[in-house]
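Please have the structure open while you read this note, and look for each residue as it comes up. The points are meant to be followed in order, with the rings in view.

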Amino acid sequence: MIAHPKLPLTLSGLAALLALGAALTGIVHPPLYQYQPMTPDNLMPGTLSQDIISLAVSLALLACLRPLARSTSLRLWLIWLGLMGYLAYAYGIYVFETVINPLYLIYIAIFSLSIWAVISFFARADLALNAPGAPRRITAALFALLVAMFLMLWLSILIPAMQNQSAPVGATIFAFDLALILPLLSFAALMLWRRQRWGDVLALPLLVKAATLGLSVLIGTLIGPLWGLPLAIDEVGIYAVLTLLPAALIIPWYRNVNA
């Protein structure tokens, strides 16, 4: 359970409201992202799909505020943590990629509020939980697979770019993943394999974050033809699997967490 949840709930509520407004603005007015040269046409499908998922995540967070304020259960907070992780990641990319448009200060605010909401959660949470029937080994294998796949993919882009001394598009994603997300997935996989507490704590939030981010990339791939990009069926299949696998594990983890 979490003692004195007012601060993390207030911060996350503010972040969700700002993200809701920012996402709606981007969906209604896509040229917002083309006021500056950082968002060429080939990145617009991913940008729009991120707004769609950010809209859904924001609504889910706002819907969770009252139940979280009244609940003594940790498992709903773990879902909340995964959703906040998505917001921090998504808008952190906008911040560090300097997507300079009329909403840039709002992107900074969403990123900052999300980070501080997560910090305030860990400062207040009692993370003693029990998940007796949770699929630890399957989840650990999935996390290890994600680490291996994205490590190879990002290095295959970064190494030639380093040799050519040319910055790849979306370099912030590589930095976030290689410095933060992939090490965190590796740590969670190891803890789950060893059946240690931090594996149980991190599993549900990381599954939520992986499913939401995977769905964002999948939608971006599907709507690519609207910007003249070819529809790659193999990529659609890969992203669908990367979305469905973590999504399928969310329910058994949620049901098995007793806290």
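The points below concern aromatic rings and the charged side chains that lie over some of them.

1. Please keep in mind throughout that this is a predicted model. A search of the whole structure finds 14 aromatic pairs, and two of these pairs are taken up here in some detail, beginning with W77 and W80.

2. The rings of W77 and W80 form an edge-to-face pair, with 5.1 Å from centre to centre and 70° between the planes. Both residues belong to helix α3, which covers residues 74-96, and they are 3 residues apart, or about one turn of that helix. As for their surroundings, W77 and W80 are both buried.

3. Why is the pair of Y91 and Y94 called edge-to-face? Their ring centres are 5.6 Å apart and their planes meet at 85°, so the pair falls in that class, for which the angle has to be over 60 degrees. Y91 and Y94 also lie in helix α3, where 3 residues, about one turn of the helix, separate them, and each of the two tyrosines is buried.

4. Returning to W77 and W80, you should note that they belong to one aromatic cluster together with F121, F122 and W198.

5. Which rings have an arginine over the face? R75 lies over the face of Y254, at 4.6 Å from the ring centre, while R137 lies over the face of W193, at 4.0 Å from the centre of that ring.

Note on methods. Residues are numbered from 1 along each chain as its sequence is written. This is a predicted model: local features need pLDDT of at least 70, side-chain atom pairs count only at pLDDT 80 or more; totals for chains, interfaces and linings use all residues. Side-chain values use heavy atoms; hydrogens and water are left out. Rings of Phe, Tyr and Trp (its six-membered ring) pair if their centres lie within 6.5 Å; planes under 30 degrees apart count as stacked, over 60 as edge-to-face and the rest as tilted. Helices (H or I, at least four residues) and strands (E, at least two) are DSSP runs, numbered from the N terminus. Buried means under 20% relative accessible area, exposed over 50%, partly exposed in between (1.4 Å probe, protein chains only). A charge sits over a ring if NZ of Lys or CZ of Arg is within 6 Å of the ring centre and within 35 degrees of the ring normal.
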